[in-house]
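Trainee: Please take a close look at the packing of one helix in this model. I would then like to see a few other local features set beside it.

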Amino acid sequence: MKSSFKGGVFLPQNKNTAGKIIEKMPLSRIVNIPLDQHIENPCIPLVKVGDKVDKGQIIANVESGIGCPVSASVSGIVSSIETKVNSEGQSYEQISITNDYEERLSPDIRPINKTLNNLSLNDVIEITKKAGIVSTGDIAYPVYEDLKKSDDKIKHLIINCVESEPYITANHRLLIEQPKKVLYGMKILLKVFDLKKGYIAIENRKPSAIEVIEKQTEGRSFAEICVMKTKYPQSDESQIIYALTGKELGAGSHPSDVGCLVLGAETVAAIYDAVVLGMPMIERIVTVDGDCVRHPKNVYVRIGTPVNEIIDICGGLIREPSKIIFGGTMKGIAQSDIHTPVTKGTNAVLLFSNKKRVRLPQNPVCIRCGRCVERCPVRLMPNYLVSFASKEQYDKCREFNIFNCIECGSCSYDCPAGIPIARSIKAAKQKMLVPKENSEEKGEDQVE
């Protein structure tokens, strides 16, 4: 097995919270729960203003297509259902619940009445769907869909414990503080896929976490710890698969196409919560850091908690933030409002001042150094792609496999000319995906 992949970049890690125990955040008076938390279809409200709801109760669900339910993260009264606009200008619905602090649990929450030996894949698919479990990080995808697609194809179960983005340590602390939950979730998956052994991928800069997992798995054959080189974007599933199996995941392919299922440690822990305890995904671990935060921390946060309240728990701000990011510095999403609520996919909240801002040149010019080509983990030619994109030569973009780009930003990070390569490629991909009839109306040279 390989320990890494070709390309990528070595980033300053800034793991300021790696040694800090996860703190339980006090409950908010009001939680604002967005209904667009999944990558595919938004949810439709199942409650109305004035309704009394219980913690864990399903309050919204998809009508059709890919998606999963959203549950109330606290008990209380539905105070509003409003249409909001996110940082990318897209509208979505949001359910606000005024907390009654009774922590009244929904009667629908109960563990499955089966032993591990009697558990089936269909059982776990239904449980994870009802629990609303999604993958964590920059893309929140319903986990039950991954399980359905994997079915009888899986030869390798990989638990992704890699955090190659700077600052984020939520996964790290989970492994140290709750390893049994992760490992039992892994055993559930091994059982339903009829596998003898799974792989735990973890980077070499987590010696404390590696030590804990080694002790928990000592003398047991169901888990093999695979220590990976700390390099970005090592946490991307396609890089994990290549590093561990040597198999390449092409554009539009699912890991199951190469016999793999890759799930994050937090996702596997959520599967444990759903199967063993019956709990849906209503809270998550969030790393809070950045040069604006007085006391960076890892905190357990209920879904729908506004960012400003999380900051208060971390001692408030020491300077005014110029940028708020959900997720990592490389692939995270900038937020325009400090009152934005945490969602299922929010593994970090990072706040940076102008001191940390990178100022790019006004009209950068490629110097033909080739660094972007060397750094690309999927072996593309970003220099050509950004040139074609700027000229709207989308046929050429397709010829040079633009849709293989994983938008990791390694090319932009190491560009000495300061060209926003990844941003240009992402914009071109979005334009190319505009339906043909829409592009004709706008007079744009688009395809598909």
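Mentor: The account that follows begins with helix packing and then turns to an internal cavity, strand pairing and two backbone features.

This is a predicted model, in which local features need pLDDT of at least 70 and side-chain atom pairs count only at pLDDT 80 or more, while totals for chains, interfaces and linings use all residues. Residues are numbered from 1 along each chain as its sequence is written, and side-chain values use heavy atoms, with hydrogens and water left out.

The part in view is helix α7, residues 265-277; helices (H or I, at least four residues) and strands (E, at least two) are DSSP runs numbered from the N terminus. Helix α3 (residues 170-177) packs against α7 at an angle of about 50°, the two axes lying 9 Å apart. Axes are lines fitted to C-alpha atoms, for helices over the stretch in contact, and angles between N-to-C directions run from 0 to 180 degrees. The pair α3 and α7 is therefore oblique, given that angles under 35 degrees count as roughly parallel, over 145 as roughly antiparallel, 65 to 115 as roughly perpendicular and the rest as oblique. From α3, Ala170, Asn171, Leu174 and Leu175 meet Ala265, Glu266 and Ala269 of α7, where contact means heavy atoms within 4.5 Å. This contact of α3 with α7 has five nonpolar, one polar and one charged residues. In that classification Ala, Val, Leu, Ile, Met, Phe, Trp, Tyr, Cys and Pro are nonpolar, Asp, Glu, Lys and Arg are charged, and the others, Gly among them, are polar.

Helix α4 (residues 179-192) also meets α7, with axes that come within 8 Å and cross at roughly 75°. That angle makes α4 roughly perpendicular to α7. On the α4 side the contact includes Tyr184, Met186, Ile188 and Leu189, and on the α7 side it includes Ala265, Val268, Ala269, Ile271 and Tyr272. By class, the contact of α4 with α7 has 12 nonpolar, one polar and two charged residues.

The model has one cavity of 30 Å³ or more. A cavity is a set of points on a 1 Å grid over the protein atoms alone where a 1.4 Å probe fits but cannot get out, and lining residues have an atom within 4 Å of a point. Grid points are joined across faces, edges and corners, and a volume is the space filled by probe spheres set on the points. The largest cavity holds about 100 Å³. It is lined by 14 residues, of which Cys376, Pro382, Cys405, Cys408 and Cys411 are the closest to its centre. Helices α12 (410-413) and α13 (421-432) each give two or more residues to this lining, which divides into 11 nonpolar, two polar and one charged.

As for strands, six of them form an open sheet of mixed pairing, in the order β1-β14-β13-β17-β15-β16; two strands pair if DSSP finds at least two bridges between them. Its edge strands are β1 (23-24) and β16 (333-335). Strands β15 (residues 323-326) and β17 (residues 348-352) run antiparallel and are joined by four bridges; Phe326 has Val349 as its bridge partner in β17.

Two backbone features remain. Most residues other than glycine have a negative phi, and most peptide bonds are trans. A cis peptide bond joins Tyr232 and Pro233, with omega about 0°, and Pro233 lies in the loop between β11 (223-228) and α6 (237-245). Glu103 has a positive phi of about 50° and is found in the loop between β8 (91-99) and α1 (121-131).

How values were computed. 1 Å grid on protein atoms, 1.4 Å probe; cavity = no way out; pocket = protein on both sides within 12 Å on 5 of 7 lines; lining within 4 Å.
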